[in-house]
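Student: Could you pick one spot in this model and take me through it closely? After that, I'd like to hear about the rest of the chain.

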Amino acid sequence: MREKIRSRSNAGRLCVLVAVCCAAAAMPLTFTGPAVALPSITRTLGGSPLALNWVTNAFMLTFGSTLMAAGALADAYGRKRMFLGGLAAFGLFSFGLAFAGDIVWFDILRGLQGVGAAAAFSGGMASLAQEFEEGERLRAFSIVGASFGVGLAFGPIASGLVVEALGWSAIFLLVVALAAFAFVLGAVFLRETRDPNAGGLDWNGAATFTLALAFLTFGILQMPEAGWGDPFVLAVLAAAAAFFFAFYRIERSVARPMLDLSLFRYPRFIGVQLLAAAPAYGFVVLLILLPVRFIGIEGMSEIAGGRMMIALSAPLLVLPIAAGLLTRWFAPAVICGTGLLVSAAGLAWLSQFPLGSQPELLVAPLLIVGIGISLPWGLMDGLAVSVVPKERAGMATGIFSTTRVAGEGVALAVVTALLSAFTQMNLGPAAGGYAAGIAQRLVTGNVAGAGSIVPSIERAAILQAYSDAFGTLLWLLTAITTATAVVVFLYLGKRADGIESAADEPELLRTTVMDP
């Protein structure tokens, strides 16, 4: 009888893991799919370059800015409730996106979709932490990382096939199907858990943090069109800084903050947060920029462009699990730092291939980038949960995921603005005062629209300006990824000396960091 109960318990935990993995696989489809379909979406819905940039950024912004709040709500009101409620909202808004009639409603629904995704992700990951004990937890999170990799690896090619066969709206119906399956499994097998010491949501902190990210992202996206010194842009960025400062003051004063700032006293916690932001510049931005380049600029079909992206993301199918096994012999800092250096080498190699290069020549550098980023990818979520007590798993997941996703949203806005700025500079005096408009349309893959602004400029010159700008951007991403690897080696490799003693102090009990 005891063995039967244990077997049933193991089966239930497996179903919980499958539910979270299905939700995790659906998430990458929500940003790789629209990236592949962006030229088709542009032809159907139209829209300015700024509105088209929000196709991706609206989701990333709301997803990243609400993760911490969702994690706190999951701890306070129930992780199962948050997971199921988030999946329901995520599926509903995904269904609405399939039938959006104009670009404004499309962007609004993308933002609402991000809120649902944040709730589902935080609730699911926090529930998973309760189901598995310390020894099994890292492996479980590695499997979730691999599931996320499935979505990334097959998302572009699946999206390309769906777009060519059924149109871009069918991408979101595929997401609805995955969310529905995860919902059913979660409703049946997930146990309701919560933190008995949770004090509810820090609403002031959540509001100021969300506004700060919104103003920052909007200001960065406005830069290419309005200019880097435009008074309106500067005012928006100043508002972002003011809200970040207000958020800092609020978190210092409330009894139960959404972001426990005292955790930043510990080098290992800082290392984990830096690791969370690392893939943004070395990998995630490529998931958006490369399909636009392949399909919108170089004229590949959606299927061919999606096939190229498999080389970048396929390593995420297996290497996150392998990284979890490697922790038996190597420290996480060594695995993560080495992976980032490998990814940086791939970025440098990729920069050597200009626009028009044979597609097969790009496979090897894309594969190197994917291999490098897969090593830390499989360890990040498990490390995030390990730096706080089990009862605060929702907060840990929220902080880490916010750092990662908000970092990705900001990185995408920054990188898009830089690519536009580099392209604008490369266009030269022939473009005159129209260089900004041409550059913005090129960044969204609209070559015809860019050429129509100044017909006297040859198409070859426009494409050359974009190609040189893309190469410069890749070198910049190489430098950022290398610097991040060095910092991860230094910070994540720190021992947890002195942290355990903090558990003796009542005020610091909730900030105790456990060495994974």
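Tutor: Let's start with Arg293, which counts as buried because its relative accessibility is just 4%. Buried here means under 20% relative accessible area, exposed means over 50%, and partly exposed is anything in between, using a 1.4 Å probe and protein chains only. This is a predicted model, so local features need pLDDT of at least 70 and side-chain atom pairs count only at pLDDT 80 or more, while totals for chains, interfaces and linings use all residues. Residues are numbered from 1 along each chain as its sequence is written, and side-chain values use heavy atoms, with hydrogens and water left out.

Arg293 has a partner: it forms a salt bridge with Glu298, with 3.0 Å between the closest N and O atoms. The term means a side-chain nitrogen of Lys or Arg within 4 Å of a carboxyl oxygen of Asp or Glu. In general, side chains of opposite charge can pair when their charged atoms come close. Glu298 is partly exposed, because its relative accessible area is 26%. A search of the whole structure turns up one salt bridge.

Now for the chain around that pair. It has 17 helices and zero strands; these are DSSP runs numbered from the N terminus, with helices being H or I over at least four residues and strands being E over at least two. Of its 516 residues, 59% are buried. The largest nonpolar core has 100 residues, and Phe283, Leu312 and Ile438 touch the most other members. A second, separate core of 20 residues includes Leu97, Ala100, Ala170 and Phe172. Such a core is a set of buried Ala, Val, Leu, Ile, Met, Phe, Trp, Tyr and Cys residues joined through side-chain atoms within 4.5 Å.

Ile438 also takes us to helix α15, where it is one of the buried residues. That helix, residues 435-443, is mostly covered, with eight of its nine residues buried. Arg441 sits in α15 too, but it counts as partly exposed because its relative accessibility is 28%. Beyond its neighbours within four places in sequence, Arg441 is in contact (heavy atoms within 4.5 Å) with Pro49, Asn446, Gly449, Ala450 and Ile453. Just past α15, Gly445 takes a positive phi of about 85°.

On the outside, there's a nonpolar patch with about 1,100 Å² of accessible area, and its members include Trp329, Phe330 and Val486. Patches are made of residues with over 30% relative accessible area and no salt bridge, where like charges are joined within 9 Å and nonpolar side chains (Val, Leu, Ile, Met, Phe, Trp, Tyr) within 5 Å. Helix α17 gives the largest share, four residues. Val486 lies in α17 and is partly exposed because its relative accessibility is 43%.

A last word on confidence: pLDDT, the predictor's confidence in each residue from 0 to 100, averages 77 over the chain. Helix α3 has the highest mean among the elements, 91, and helix α5 the lowest, 72. Residues 1-8 stay under 50, with zero contacts beyond four places in sequence. Residues 496-516 also stay under 50, but there the model has 37 such contacts.

Note on methods: Areas by Shrake-Rupley, 256 points an atom, 1.4 Å probe, with all protein chains shown as cover.
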